[in-house]
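Biologist: Hi! Could you take me through one part of this model at close range, and then work outwards from there to the rest of the chain?

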Amino acid sequence: MLRYAKHVGGTVHRIYLSTTKFTCWNFKRTTSDSFHKTKAHLLKLNMVDSQYYLPNSISIAKLDCKEAFELLSSKEQLYAHYLSRAAWYGGLVVLVQTSPESPEIYVLLQKLFRKQTPAELEKVASEAGLTSEEYKAVLVYAAGFYANMGNYKSFGDTKFIPNLPKEKLKALVWKSKAFQENSAEMEALWKSCSQLLFSLEDRQKQLGLGQDGITTYFSGNCCLEDAKLAQKFLDSQNLSAYNTRLFKREPEAGKQVYEVRLASAMKTDGAGEGEGETRCGRYDFEGAVFTVHRGDYAPLMEKVTKNLEKAKAFASNENEVRMLEEYARSFSSGSLDAHKEGSRFWIKDKGPIVESYIGFIESYRDPFGSRGEFEGFVAVVNKKMSARFTQLVSMAEVLLPMLPWPAAFEKDHFLRPDFTSLDVLTFAGSGIPSGINIPNYDDIRQTEGFKNVSLGNVLAVGSVGRKEDLTFLEEDIKDLYLKLVGPAFEVQVGLHELLGHGSGKLFVQDSKGNFNFDKGSVVIPHTGEVISSWYQESETWDSKFSTIASSYEECRAECVGIYMCLNKEVLSIFGHENEDAEDVMYINWLNMVRAGLLGLEFYTPETKTWRQAHMRGRFVILRVLLEAGEGLVTLKETTGADGRPDMIISLDRTKIKTVGKKAIEKFLCKLQVYKSIADVEGGRAMYDGYSEATSDSPHDFLRIRETVMLRKVARKLFVQANTAVKAGEKVELVEYESTAAGLVQSNTDRFQEDAEELERHLVELSSQDASCWC
């Protein structure tokens, strides 16, 4: 929930029509008029279909951390290495969390490229009848698959498939060394995953629950009502959904049976050594039966745990030791309470040189918004960049009262967090963010604190760099935008994470009936009424607001960012004064409204659903600022130089501090109030209302969306280094070129010592639940 954009390049899009598009159309002779109508229709189909392929020209960047890593001591390097190994093993869980076919596609690719490097396989591809562009499409697909850790985009949740004919990819597989050495195994893998690898049936085009899409957080027979009932059950047992999946089993004695499966290395449900009461067992709940079992992702969790134990030997202090012990206990037993304990020690570990976090963290991709995707990161502190964020933290207690809600809606005490700039060594999961605010546990955040991190080497390579890639802006503003979008984004990330996700109070009644607020005197600012709703102790923000929680919170944090960047003192912290400060503020707001327009790419008109939390939030902000009127934001439909539909979005910079500030002030206050008082009905009505993308006047957002889709580009992929322990416990950093081949090679090198074992585990994990997705 609490993080900034997945990749800083998230707001940079334009169209790319792949030169190797393999969709074929059969034309019959038509009249001139009907031919042109058919051509226009096919252009639209081609435009829509392009979102399901990664273009051969996709941008790929290297996350450079060499200098930072080499400045570490030998002990710190070993600590970083074993933490990275734990993260990489855990990152494979995402394959199982993404789609039924992802584990076996991964194994197919690994076997293909482990036996022959991308360069060696290129010769085989030519012999198999692939053109150079078709083989490049294979590499790009593999690179995209590894970068997203599955065959659905981490930012947008849409499926992507290889951009070449199925028979061409099959020919390459059959001609490969991997196939020659073990044809039965490779043929079985192909037979098992190839149909879904290429399928674009409606339900398989995106992630979702039930008939709305694909998910492996729930068995295929689950619907929204099942998810709601399961959440009520979990709340009743004070169990978090973060490290669980839900499987709907056959009824017994007229009662529906559900299995809640906990992620753990342990497969037995009894209490382990040194463990107290276990949550595993059988429960009757509201006419249904729930069973709680351990053992999800067991072989992967075991490898995570073993590497955390190895890292412990190189920890720098007691907090790190205790943190790793609790993480290991969590991943071994399935106890989320243990992970929360580990997170408490992590918060206490102030200013470490090597920073890390690992676990089931973000709930973006759970269709219900409660279950966490596994991720782990390891990074090295950039002291120079961190100094600015430290200064921002020191001002936080002065800045927080400037936010547009009454003091009663703010935390009783500001818990000063770490806020550091990090160079990423390892980020395992489905994608790499530019900033993070964690942990996501509400009870810890409210009373014990949190940490903020800005990922400096991601920011450094993620911004748009070419004028031709910059869509929907007036030509005369593009140079200023390109010059300042990086610095403006740095300001936004800092404010978003610290004052956005770090602000606001949740009103809670504990199990003894006590309230953490003055129930009789606190009133709702926009109505004057005394509040009548709040959270119970077992409830969380995610569990209450469920399907809108992530996007709503990202929108709130984005609003805080643009609202507080109007403060000259804030801009001064980041080195911006006078005219430069005014320009940075303007570009930050312009970047936000442009991002709102680009957000339409992540809206699915057929189901009226949003597929990406941040982009939905940015579209909502655009709607709020358009509603403010007075010429603050204007959208103009035009025709581009290429003769195709285009758009221009404009922001009147003279009205930002008046019309814009007033609009965001009012909206942001409501966002916080609904969140604080657990008013799901009021918050959902407002947020869903602004999220609507319709053809109603004054803006036909469905037609505008077609233009956005026409001019979008694929998101940037990142190549990460590997670490390896050589003789004498010396850690070597292994880097790769910033190409699709380099990204592929980095992944095939990652698990050299136990590749066969891992691949066997992944196939087993995939096959054991295969019947659950039908």
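Let's start with helix 24: which of its residues are buried?

Modeller: Happy to, and please keep in mind throughout that this is a predicted model. In helix 24, the buried residues are Gly682, Gly683, Met686, Tyr687, Tyr690 and Ser691. Taken around the axis, these residues cover an arc of only 155°, which means that they sit on the same side of helix 24. The other side of the helix holds Glu681 and Ala685, and both are exposed.

What lies over the buried residues? The cover includes helix 19 (541-564) and helix 22 (613-628), together with helix 23 (656-676) and strand 14 (609-610). You may also like a check on the geometry of helix 24 itself. Helix 24 runs over residues 680-691, and at 1.5 Å a residue its 12 residues should span 16 Å; the C-alpha atoms at its ends are 16 Å apart, so expectation and model agree.

From one helix, let's go on to the nonpolar cores. As a rule, nonpolar side chains in soluble globular proteins tend to be buried together. In this model, the largest nonpolar core has 115 residues, and the members that touch the most others are Tyr106 and Phe113. Not counting neighbours within four places in sequence, the contacts of Phe113 are Pro118, Leu121, Tyr135, Val138, Leu139, Ala142, Val744 and Thr748. Another core lies apart from that one: it has 98 residues, including Met395, Phe414, Ala549 and Ile587.

Now for the sheets, beginning with an open one of four strands. Its order is 2-3-5-4, with mixed pairing. Strand 2 (244-252) and strand 4 are at its edges, each pairing on one side only. From one strand to the next, the twist averages 25°.

Strand 5 (residues 288-296) is a good place to stop within this sheet, with eight of its nine residues buried. Strand 3 (residues 255-263) runs parallel to strand 5 and is joined to it by seven bridges. Strand 4 (residues 281-285) pairs with strand 5 in the antiparallel sense, over five bridges. Thr291 shows both pairings at one residue: Thr291 is the bridge partner of Glu259, and Arg282 stands opposite Thr291 as well. Phe285 has Ala288 of strand 5 as its bridge partner. Strands 4 and 5 make a hairpin with two residues between them, and in that turn Glu286 has a positive phi of about 45°.

Two further residues with positive phi lie in loops around strand 2. Asn238 is in the loop between helix 11 (224-236) and strand 2; although not a glycine, Asn238 has a positive phi of about 55°. Ala253 belongs to the loop that links strand 2 and strand 3. Ala253 is not a glycine either, yet has a positive phi of about 50°. Its relative accessibility is 86%, which is why Ala253 counts as exposed.

The other sheet to look at is open too, with five strands in the order 6-7-8-10-9 and mixed pairing. Strand 6 (354-362) and strand 9 (435-438) are the edge strands; each has a single partner strand, so one side of each is left without a neighbour in the sheet. On average, neighbouring strands here are turned by 35° against each other, direction ignored.

At the strand 9 edge, four bridges join strand 9 to strand 10 (residues 451-455), and the two run antiparallel. Ile438 has Lys451 in strand 10 as its bridge partner. Two helices lie against this sheet. Helix 14 (residues 336-348) touches strand 6, strand 9 and strand 10, and its direction makes about 150° with that of strand 6. Helix 3 (residues 74-91) lies across strand 6, strand 7 (373-381) and strand 8 (418-428), and runs at about 60° to strand 8.

One last detail sits just beyond strand 9. The peptide bond from Ile438 to Pro439 is cis, and its omega is near 5°. Pro439 is part of the loop between strand 9 and helix 16 (442-447). Ile438 therefore deserves a second look in your viewer, as the residue that both pairs with Lys451 and leads into the cis bond.

Note on methods: Residues are numbered from 1 along each chain as its sequence is written. This is a predicted model: local features need pLDDT of at least 70, side-chain atom pairs count only at pLDDT 80 or more; totals for chains, interfaces and linings use all residues. Side-chain values use heavy atoms; hydrogens and water are left out. A nonpolar core is a set of buried Ala, Val, Leu, Ile, Met, Phe, Trp, Tyr and Cys residues joined through side-chain atoms within 4.5 Å. Buried means under 20% relative accessible area, exposed over 50%, partly exposed in between (1.4 Å probe, protein chains only). Contact means heavy atoms within 4.5 Å. Two strands pair if DSSP finds at least two bridges between them. The expected span of a helix is 1.5 Å times one less than its number of residues. The arc is that of the directions from the helix axis to the C-beta atoms. Axes are lines fitted to C-alpha atoms, for helices over the stretch in contact, and angles run from 0 to 180 degrees between N-to-C directions.
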